[in-house]
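Biologist: Thanks for sitting down with me over this one. Could you walk me through what the coordinates tell us, one question at a time?

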Amino acid sequence: MAGGGGSSSQCLSYAGCNFLRQRLVLATLSGRPLKIRKIRAREEDPGLRDFEASFIRLIDKVTNGSRIEINQTGTTLYYQPGLLYGGSLEHDCSPSRSIGYYLESLLCLAPFMKHPLKIVLRGVTNDQVDPSVDNLKATALPLLKKFGIDGEGLEIKINRRGMPPKGGGEILFACPVRKVLQPIQFTDPGKIKRIRGTAYSVRVSPQMANRMVESARGILNKFLPDIYIYTDHMKGVSSGKSPGFGMCLIAETINGTILSAELASNPQGQGAAVLPEELGQNCAKLLLEEIYRGGCVDSTNQSLVLLLMTLGQQDVSKVLLGPLSPYTFHRSACMSVKLSLILGAGCATTLLNCAEQHILNQARNEGLAGWASLRAGESA
């Protein structure tokens with residue numbers, strides 16, 4: 001998607017560390033150079049964090065010809081994107097953030113590369129901050145398929161689990177490339193027909209997973225009989241370097257809407273110990289809350305569907321979302337997407353109307369001009 005025309009485009013300028021990933025992803029897709037100043041300039045430890053530096057290295061790996069300049073204090077970043085290249089890659093993620101922090105952005109970039117992406121990511125697979133690999137596998141991949149990004153080349157495979165703080169997990173992400181994306185009309189979420197999930201445990205008793213399943217079913221069985229939660233207990237090398245457990249629940253509707261919720265135990269040596277029964281109950285309640293929020297896409301993937309809607313064929317896409325997260329609202333402002341607020345019996349939902357920009361994959365069609373209409377507001 002990103003072409004080599006960035007040097008002739010006006011440089012985007014921002015201040016602060018907010019939405020760093022989002023700005024780098026949009027700059028890469030549009031081919032426009034980017035400069036971010038005053039990154040934590042007033043803090044005792046100024047500049048980029050280790051996980052942000054790791055993310056910048058990942059962007060450099062998946063592109064060809066990118067130019068990245070960082071000053072000595074790490075408070076100023078200049079990025080001139082190159083061509084999204086893809087291929088077979090490996091990357092060691094910072095254990096400060098989970099693999100989901102990096103995988104979310106790769107899901108946005110992978111369909112627009114010159115070659116199909118096949119990358120091995122190592123680090124923390126499940127934590128309390130970022131979407132887990134289990135969550136993205138169950139929710140983001142079906143969403144990509146609705147836009148025509150499918151086939152045998154699309155997969156997320158968990159080879160090893162890794163819990164914080166030491167990680168040790170490993171996943172494989174593979175994604176085919178597409179010249180154009182299909183528009184979608186996704187405005188009727190439908191009724192819940194079944195609930196699936198995964199209860200995982202590493203370097204603890206296998207009974208932890210069974211106890212989480214039992215407590216979660218105690219709440220969910222009051223609403224639906226079709227519930228199956230898998231237990232995944234990994235041993236030895238596959239269990240990573242730190243103990244922990246957690247749960248990811250998925251609710252699927254008759255119209256193909258997939259809503260998710262997840263929880264993980266506290267990292268070793270941090271915070272109070274969490275009972276598996278309590279974690280299972282709280283995860284079930286979070287899933288019910290996600291269902292109450294409404295919409296055809298869960299809060300984790302709102303920004304992904306918004307981006308894919310914008311980068312498709314010259315047609316109008318419509319998607320019904322629940323209340324927008326701040327991250328999604330910022331991206332909608334960047335892309336001039338029309339939002340319509342719909343008040344219902346539950347939470348207020350948002351209808352997104354997007355006249356797609358008819359942007360082709362520049363890496364596959366290098367004669368096209370870059371997308372130069374990107375606009376974004378300043379965020380300190």
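Modeller: Happily! One term before we start: a polar contact is a pair of N or O atoms within 3.5 Å, where one must be able to donate a hydrogen and the other to accept it. Please also keep in mind that this is a predicted model.

Biologist: Then let's use that term. Which side chain does His-91 join in a polar contact?

Modeller: His-91 sits in strand S7, which covers residues 87-92. Its neighbours further off in sequence include Ser-54, Arg-57, Leu-58 and Lys-61. One of these makes a side-chain polar contact of 3.2 Å with His-91, and that partner is Lys-61.

Biologist: Is His-91 buried or exposed?

Modeller: Residues such as Ile-119, Val-120, Leu-121 and Arg-122 are also among those that His-91 touches. The cut-off for buried is under 20% relative accessible area. Because the relative accessible area of His-91 is 2%, His-91 counts as buried.

Biologist: Let's step back to the whole chain. What percentage of the residues is buried?

Modeller: The chain holds eight helices and 18 strands. Of its contacts between residues at least 6 apart in sequence, 75% link residues at least 24 apart. About 16100 Å² is exposed, with carbon and sulfur atoms supplying 49% of that area. Of the 380 residues, the buried portion is 54%.

Biologist: Now the pockets. Which element gives the largest share of the lining of the largest pocket?

Modeller: The largest pocket has a volume of about 740 Å³. Its lining has 35 residues, with Glu-104, Val-129, Asp-130, Pro-131 and Thr-300 nearest the centre. Elements that each supply at least two lining residues include helix H1 (20-30), helix H3 (99-109) and strand S15 (258-264). The largest share is five residues, and it comes from S15.

Biologist: How many charged residues are in that lining of the largest pocket?

Modeller: Sorting the lining by class gives 14 nonpolar and 10 polar residues. The charged residues in the lining of the largest pocket number 11.

Biologist: And which element gives the largest share of the lining of the second largest pocket?

Modeller: The second largest pocket holds about 360 Å³ of space. Among its 17 lining residues, Asp-134, Lys-137, Ala-138, Thr-198 and Ile-250 are closest to the centre. Two or more lining residues come from each of helix H4 (133-146), strand S12 (192-202), strand S13 (227-234) and strand S14 (244-253). The largest share, five residues, belongs to S12.

Technical notes:
Residues numbered from 1 in each chain as written. Predicted model: local features only at pLDDT ≥ 70, side-chain atom pairs only at ≥ 80, totals over all residues. Heavy atoms only, no water. Helix = DSSP H or I, 4+ residues; strand = E, 2+ residues; numbered from the N terminus. Buried < 20%, exposed > 50% of the residue type's maximum accessible area, 1.4 Å probe, protein only. Contact = heavy atoms within 4.5 Å. Areas by Shrake-Rupley, 256 points an atom, 1.4 Å probe, with all protein chains shown as cover. 1 Å grid on protein atoms, 1.4 Å probe; cavity = no way out; pocket = protein on both sides within 12 Å on 5 of 7 lines; lining within 4 Å. Points joined across faces, edges and corners; volume = space filled by probe spheres on them. Nonpolar A, V, L, I, M, F, W, Y, C, P; charged D, E, K, R; others polar. Lists of a residue's contacts leave out its neighbours within four places in sequence.
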